[in-house]
Amino acid sequence: MKIITVSNIKGGSAKSTTAIFLSEALSRRGKTLVIDLDMQADLTDYFLPDLSPEEMDKGNVFKLLTGECDFATAVKKGEFADVIPGTIELSQLSVRVMQNYSILKRLDTLLKENRDYDYVVIDTPGSARSELTVSLVACHTILIPVIPSKWAIRAVNLLLDEIGNAREITNKEHSVCFAPSMFGKSKKNLDLLERLKSLEEFHTLSPIPKSESIKSMAEKRKKLKTGSVGWLAYDQLAEEVIQY
Ligand SMILES: Nc1ncnc2c1ncn2[C@@H]1O[C@H](COP(=O)(O)OP(=O)(O)O)[C@@H](O)[C@H]1O
Ligand SMILES: [Mg+2]
């Protein structure tokens with residue numbers, strides 16, 4: 001079972017889009033579970049557009065972490081992947097963690113007990129919150145979407161600090177990969193790509209191009225067209241992520 005956290009402590013850095021289409025590409029290769037640890041719930045909206053409020057209240061990632069529902073109740077069947085939905089209640093997770101520090105390790109423990117997935121993809125919020133720590137403690141691979149903006153790159157240093165903190169809890173040696181996203185062919189973009197590739201302690205994966213169809217398909221909650229530029233880019237990303 002390969003557990004992948006998609007994270008960058010910066011909103012708008014293509015985390016959710018990467019998590020969505022990477023999950024689709026992985027689901028063609030094996031049984032996939034998607035976990036939405038972002039209270040914005042973009043993955044939940046994409047994968048479970050018809051989830052009723054009652055179903056959501058019965059089981060979701062917040063209740064799972066706080067021990068108010070079991071794993072089977074938290075997992076919902078999506079079209080091609082299982083999904084543990086995220087909810088706005090995640091805004092209270094940090095307070096719960098202060099009362100009960102073991103929450104930080106709960107997802108790690110639950111995934112060790114429920115190993116019938118080939119791939120697990122976790123989306124995280126664009127800030128250094130407890131949800132991020134929970135996912136870093138549980139995962140092996142950290143995928144950092146980097147878009148060509150100086151702020152997104154600055155945020156990488158903050159994320160590396162968070163990874164260091166998570167390692168104190170778990171002792172895990174994470175594999176850290178950059179997933180360049182929204183990259184064009186301008187000299188500025190290509191120079192930045194070279195800069196990322198020169199950082200030897202991280203793997204820089206093949207870039208995802210900036211594409212109107214990626215944006216609109218995510219917004220319309222549709223799959224990318226098989227064989228389209230976007231589809232091929234995420235398919236390649238999945239192939240590479242599996243190796244790390
Ligand atoms: N490859 C891409 N090409 C064009 N637009 C993209 C691409 N990836 C993401 N976007 C757009 O960028 C915006 C931010 O992406 P999102 O995945 O929501 O970021 P985050 O989850 O980090 O906040 C969204 O409007 C999304 O549709
Ligand atoms: Mg997001």
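In which helix is L136 found? I began with this question and looked the residue up in the predicted model. L136 belongs to helix α8, which covers residues 130–138.

**Entry 1: L136**

I next asked whether L136 is buried or exposed. I recorded 27 C-beta neighbours inside 10 Å, so L136 counts as buried, the cut-off for that class being 20 or more. Setting aside residues within four places in sequence, I listed the contacts of L136 as T5, I142, E162, I163 and A166. I also took one distance along the way: L136 and I153 stand 17 residues apart along the chain, and their C-alpha atoms are separated by 19 Å.

**Entry 2: the chain as a whole**

I then turned to the overall form. The protein chain contains twelve helices and nine strands. Its C-alpha trace spans about 50 × 40 × 30 Å along the principal axes. I compared the radius of gyration with the value for a compact globule: for 244 residues that value is near 18 Å, and the chain has 17 Å, which agrees. Of the 244 residues, 43% count as buried. I noted as well that 80% of the contacts with a separation of 6 or more join residues 24 or more positions apart.

**Entry 3: the largest nonpolar core**

Which residues of the largest nonpolar core touch the most other members? The core has 69 residues, and those I sought are I4, L22, V120, V121, I144, Y234 and L237. Helix α1, residues 15–27, supplies the largest share of this core, with six residues. As general background, I recalled that nonpolar side chains in soluble globular proteins tend to be buried together.

I followed I4 further. Apart from its neighbours within four places in sequence, I4 is in contact with Y119, V120, V121, I122, C139, T141, L143 and V241.

**Entry 4: helix α1**

Since helix α1 had come up in the core, I examined the helix itself. Helix α1 has 13 residues and reaches 18 Å from its first C-alpha to its last, close to the 18 Å expected at 1.5 Å a residue. I asked why α1 can be called largely enclosed by the rest of the structure. The reason is that 13 of its 13 residues are buried.

I picked two residues of this helix, K15 and A25. K15 is buried, with 28 other C-beta atoms within 10 Å. A25 also counts as buried, with 23 C-beta neighbours inside 10 Å. The two are ten residues apart in sequence and 15 Å apart in space, C-alpha to C-alpha.

I then listed their contacts, not counting residues up to four places away in sequence. A25 touches Y234, D235, L237 and A238. K15 touches V6, S7, N8, D123, T124, G126 and P145. I also noted that K15 and V146, 131 residues apart in sequence, have C-alpha atoms 8.8 Å apart in space.

**Entry 5: around ligand 1**

K15 led me to ligand 1. Which of the 17 residues around ligand 1 come nearest? I found A14, K15, S16, T17 and K215. The elements giving two or more residues to this shell are α1, β7 (175–183) and α11 (212–219). By class, I counted five nonpolar, eight polar and four charged residues in the shell.

**Entry 6: positive phi angles**

I looked next at backbone angles, bearing in mind that most residues other than glycine have a negative phi. N171, although not a glycine, has a positive phi of about 70 degrees. M182 is likewise a residue other than glycine with a positive phi, near 60 degrees.

Where does N171 lie? I located N171 in the loop between α9 (150–170) and β7, whereas M182 lies in strand β7. N171 counts as exposed, with 7 C-beta neighbours inside 10 Å. M182 counts as buried, with 22 such neighbours.

**Entry 7: G67**

My last entry concerns a loop residue. G67 sits in the loop between α4 (61–65) and α5 (71–74). I asked whether G67 is buried or exposed. With 12 C-beta neighbours inside 10 Å, G67 counts as exposed, because that class takes in 12 or fewer. I closed with one distance: the C-alpha atoms of G67 and F80, 13 residues apart along the chain, are separated by 27 Å.

How values were computed. Residues are numbered from 1 along each chain as its sequence is written. Chains are lettered from A and ligands numbered from 1 in the order in which they are written. A nonpolar core is a set of buried Ala, Val, Leu, Ile, Met, Phe, Trp, Tyr and Cys residues joined through C-beta atoms within 7 Å. Helices (H or I, at least four residues) and strands (E, at least two) are DSSP runs, numbered from the N terminus. Two residues are in contact if their C-beta atoms, placed from the backbone, lie within 7 Å. A residue is near a molecule or strand if its C-beta atom, placed from the backbone, lies within 6 Å of it. Ala, Val, Leu, Ile, Met, Phe, Trp, Tyr, Cys and Pro count as nonpolar, Asp, Glu, Lys and Arg as charged, and the others, Gly among them, as polar. The expected span of a helix is 1.5 Å times one less than its number of residues. The radius of gyration is taken over C-alpha atoms; the globule rule is 2.2 Å times the number of residues to the power 0.38.
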